[in-house]
Amino acid sequence: MTLIYINIGIIILGIVGYVIWNLLKKVETLETNINLQEKYILDFYDLVKQSELKIKEIDSKQLFQSDDEVGFFFTNLKTIQEALSDYIKFIK
């Protein structure tokens with residue numbers, strides 16, 4: 001009778017060991033994905049900050065007037081840039 005209990009215990013221990021190992025592998029995969037996504041977000045943040053500085057530099061010279069097509073495009077581009085900057089500040 002004790003042999004049956006030992007065999008059942010070994011089987012349960014094997015199943016629990018496999019479940020733990022499987023979950024560990026899944027967590028490691030998710031951590032890798034999180035690290036890659038974090039790097040992507042930080043790179044995107046740097047790109048947005050550089051774009052924001054360049055747009056502010058161009059806008060400070062007031063090279064584009066809002067009454068022509070280029071000025072209209074620049075104004076819309078500036079609006080998009082501000083929205084991106086606000087979104088990135090919210091994330092970070």
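User: A residue counts as exposed over 50% relative accessible area, as buried under 20%, and as partly exposed in between. Is Tyr40 buried or exposed?

Analyst: The structure shown is a predicted model. The relative accessibility of Tyr40 is 58%. The cut-off for the upper class is over 50%, so Tyr40 counts as exposed.

User: How many helices and how many strands are there in the protein?

Analyst: One of the helices is α1, which covers residues 2-60. Another is α2, made of residues 69-91. The protein as a whole has zero strands, and its helices number two.

User: What radius of gyration does the protein have, set against a compact globule of 92 residues?

Analyst: Along the principal axes, the C-alpha trace spans about 95 × 15 × 15 Å. For a compact globule of 92 residues, a radius of gyration near 12 Å would be expected, but the protein has 28 Å.

User: How far apart in space are Asp46 and Tyr18, C-alpha to C-alpha?

Analyst: Asp46 is placed in helix α1, and Tyr18 lies in helix α1 as well. In sequence, 28 residues separate Asp46 from Tyr18. From C-alpha to C-alpha, their separation in space is 42 Å.

User: What share of the 92 residues in the protein do buried residues make up?

Analyst: The accessible surface of the protein comes to about 8,100 Å², and carbon and sulfur atoms account for 67% of that surface. To be buried, a residue needs a relative accessible area under 20%. Of the 92 residues, the buried ones make up 10%.

User: Why is Gln81 classed as buried, and which residues is Gln81 in contact with, leaving aside its neighbours within four places in sequence?

Analyst: Gln81 belongs to helix α2. Its relative accessible area is 8% and the limit for burial is under 20%, so Gln81 is buried. Once neighbours within four places in sequence are set aside, its contacts are Val48, Ser51, Glu52 and Ile55.

User: Which residues make the nonpolar surface patch of about 750 Å²?

Analyst: One member of the patch, Met1, sits in the segment before α1. Met1 has 67% relative accessibility and therefore counts as exposed. The patch, about 750 Å² in area, is built from Met1, Ile4, Tyr5, Ile8, Ile12, Val16 and Ile20.

User: Are the rings of Tyr18 and Trp21 stacked or tilted?

Analyst: Across the whole structure, a search finds two aromatic pairs. In the pair of Tyr18 and Trp21, the ring centres are 6.0 Å apart and the planes meet at 35°. The residues are three positions apart in helix α1, which means about one helical turn between them. Stacking requires planes under 30 degrees apart and edge-to-face over 60, so the pair of Tyr18 and Trp21 is tilted.

User: How is the aromatic pair of Tyr40 and Phe44 arranged, stacked or tilted?

Analyst: Tyr40 and Phe44 are both in helix α1, four residues and about one turn apart. Phe44 is partly exposed at 28% relative accessibility, whereas Tyr40, at 58%, is exposed. Their rings are 6.4 Å from centre to centre with 15° between the planes, an arrangement that is stacked.

User: Which residue forms a salt bridge with Asp43, with the closest N and O atoms 2.9 Å apart?

Analyst: The structure holds three salt bridges. In this one, the two partners are four residues apart in helix α1, about one turn. Asp43 is partly exposed at 40%, and its partner is exposed at 51%. That partner of Asp43 is Lys39.

User: What N to O distance is found in the salt bridge of Glu28 and Lys25?

Analyst: Glu28 and Lys25 are three residues apart in helix α1, so about one helical turn lies between them. Glu28 is partly exposed at 35% relative accessibility, and Lys25 is likewise partly exposed, at 37%. Their side chains meet with an N to O distance of 3.8 Å.

User: Which residue forms a salt bridge with Glu57?

Analyst: Glu57 has a relative accessible area of 37%, so this residue is partly exposed. Its partner counts as partly exposed too, at 45%, and stands three residues away in helix α1, about one helical turn. With the closest N and O atoms 3.8 Å apart, the partner of Glu57 is Lys54.

Terms used: Residues are numbered from 1 along each chain as its sequence is written. This is a predicted model: local features need pLDDT of at least 70, side-chain atom pairs count only at pLDDT 80 or more; totals for chains, interfaces and linings use all residues. Side-chain values use heavy atoms; hydrogens and water are left out. Patches are made of residues with over 30% relative accessible area and no salt bridge: like charges are joined within 9 Å, nonpolar side chains (Val, Leu, Ile, Met, Phe, Trp, Tyr) within 5 Å. Accessible areas come from the Shrake-Rupley method with a 1.4 Å probe; for residues, only the protein chains shown count as cover. A salt bridge is a side-chain nitrogen of Lys or Arg within 4 Å of a carboxyl oxygen of Asp or Glu. Buried means under 20% relative accessible area, exposed over 50%, partly exposed in between (1.4 Å probe, protein chains only). Contact means heavy atoms within 4.5 Å. Rings of Phe, Tyr and Trp (its six-membered ring) pair if their centres lie within 6.5 Å; planes under 30 degrees apart count as stacked, over 60 as edge-to-face and the rest as tilted. The radius of gyration is taken over C-alpha atoms; the globule rule is 2.2 Å times the number of residues to the power 0.38.
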